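Please have the model open in a viewer, with the sequence panel beside it. The stops below say what to select and what is there.

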Amino acid sequence: MIFLRSLIFNVLFYLVLVVLCIVALPTLLLPRGALMALEAAWAHTSLFLMRVICNIRIEFRGVEKIPAGPLVVASKHQSFWETFALVRFFEHPLFILKRELMMIPVFGWYLKKAGMISVERGGGPRSLIKTLKAAAAEVKRGRQLVIFPEGTRTAPGAVPNYKAGVAQIYAESGVPCLPIALNSGLFWPRRTFMRYPGTLVVEFLDPLPPGLPRDEFMTRLRDQIETATTRIVDAGRAEQAKSFGGVPGSKGEAST
């Protein structure tokens, strides 16, 4: 049943995406807010499909902790899921994406229209520094940068490896940082189309104030995210073990 439900969900998920990509074409000529409204609709529809087809319940905790205005949002990254599900909580969201994504026909047009920032992974230190400075400048203009401090998806239980880029943007932008913990990798794992039932939890943690020394910032950020992530991942695993024996091969899987 999990296989069948996952298959049905994925077909509908990508069908909705294709339909919205067509419907959204006029937004390329409109203000950015029109496109972001359609993106929020895609996210809502996807969460609905996850609930009714895959029996994945979504729980957002600590939403009241989200500060208004410009912000660095540092989120744990276990799945593709958070790349679209978190957007609706922020007025002017911003992501740093691989340059290859910006070159995809139609889809890349929307990323450019949304004002996303691209990075060339093989571009070397100068390219990376340029990207970080551009992101900090956008945050200063009032946007909310959603960044994954580990730089890529990591499986639940994998050893964390936080990069210095988030500290660079935090220091240059001079705004608060909102840490986010989650357990999405238990329900929407990497490298598989399977979608496992249970309670997917996103927890918005206490914001870190601007102006912290970089070492202190990185220590506090990592400790907050990893402590909360371990707690909610353990709870998710216990729930899944009780219902169907757990997600095969998820624990301690190396990051990509």
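## Stop 1: a loop residue on the surface

Select Arg 191, which is exposed, with a relative accessible area of 59%. Arg 191 belongs to the loop between E6 and E7. Its phi is near 60°, a positive value in a residue other than glycine. Keep in mind throughout that this is a predicted model.

A second residue can be viewed alongside. Select Val 106, in the loop between helix H4 (99-102) and helix H5 (107-113). Phi of Val 106 is also positive, near 65°, and Val 106 is not a glycine. With a relative accessibility of 27%, Val 106 counts as partly exposed.

## Stop 2: the whole chain

Zoom out and show the chain as a cartoon. The protein chain has eight helices and seven strands. Its radius of gyration is 18 Å, close to the 18 Å that the globule rule gives for 256 residues, so the chain is as compact as a globular protein of that length. Along the principal axes, the C-alpha trace spans about 50 × 45 × 35 Å.

Switch to a surface view. The protein chain exposes about 12100 Å², and carbon and sulfur atoms supply 63% of that area. Buried residues make up 49% of the 256 residues. Of the contacts with a separation of 6 or more, 77% join residues 24 or more positions apart.

Colour by charge next. The chain has 31 positive and 19 negative charges, and the mean positions of the two sets are 6 Å apart.

## Stop 3: the aromatic rings

Show the side chains of Phe, Tyr and Trp. How many aromatic pairs are there? The count comes to 18 aromatic pairs. Select Phe 13 and Trp 188: their ring centres are 5.3 Å apart and their planes stand at 80°, so the pair is edge-to-face. Phe 13 lies in helix H1 (residues 2-23) and Trp 188 in the loop between strand E6 (177-182) and strand E7 (198-204), so this pair ties together parts that are 175 residues apart in sequence.

Are these two residues buried or exposed? Phe 13 counts as buried, at 0% relative accessibility. Trp 188 is buried as well, with a relative accessible area of 4%.

Now extend the selection to Phe 9, Tyr 14, Trp 42, Phe 80 and Phe 84. Ring pairs link these residues with Phe 13 and Trp 188 into a cluster.

## Stop 4: helix H8

Select Ile 232, in helix H8 (residues 214-243). Ile 232 is buried, with a relative accessible area of 3%. Which residues does Ile 232 contact, leaving aside its neighbours within four places in sequence? They are Arg 61, Ala 181, Leu 182, Asn 183, Val 201 and Glu 203. For a distance check, pick the C-alpha atoms of Ile 232 and Val 201: they are separated by 7.0 Å, and the two residues are 31 residues apart along the chain.

## Stop 5: helix H6

Move to Leu 132 in helix H6 (residues 124-140). At 11% relative accessibility, Leu 132 counts as buried. Beyond its neighbours within four places in sequence, Leu 132 is in contact with Gly 165, Gln 168 and Ile 169. Add His 77 to the selection: its C-alpha atom is 19 Å from that of Leu 132, with their positions 55 residues apart along the chain.

## Stop 6: helices H4 and H5

Select Leu 111 in helix H5. The relative accessibility of Leu 111 is 13%, and the residue counts as buried. Not counting residues up to four places away in sequence, Leu 111 touches Leu 97, Leu 101, Met 102 and Met 116. For a long distance across the model, pick the C-alpha atoms of Leu 111 and Thr 230, which are separated by 32 Å.

The last selection is Arg 99, in helix H4. Arg 99 is partly exposed, with a relative accessible area of 35%. It touches Ser 118, Val 119 and Glu 120, not counting residues up to four places away in sequence. The C-alpha atoms of Arg 99 and Val 87 are 20 Å apart, although the two residues are 12 residues apart along the chain.

How values were computed: Residues are numbered from 1 along each chain as its sequence is written. This is a predicted model: local features need pLDDT of at least 70, side-chain atom pairs count only at pLDDT 80 or more; totals for chains, interfaces and linings use all residues. Side-chain values use heavy atoms; hydrogens and water are left out. Helices (H or I, at least four residues) and strands (E, at least two) are DSSP runs, numbered from the N terminus. The radius of gyration is taken over C-alpha atoms; the globule rule is 2.2 Å times the number of residues to the power 0.38. Buried means under 20% relative accessible area, exposed over 50%, partly exposed in between (1.4 Å probe, protein chains only). Contact means heavy atoms within 4.5 Å. Accessible areas come from the Shrake-Rupley method with a 1.4 Å probe; for residues, only the protein chains shown count as cover. Lys and Arg count as positive and Asp and Glu as negative; His and the chain ends are not counted. The place of a charge is taken as NZ of Lys, CZ of Arg, CG of Asp or CD of Glu. Rings of Phe, Tyr and Trp (its six-membered ring) pair if their centres lie within 6.5 Å; planes under 30 degrees apart count as stacked, over 60 as edge-to-face and the rest as tilted.
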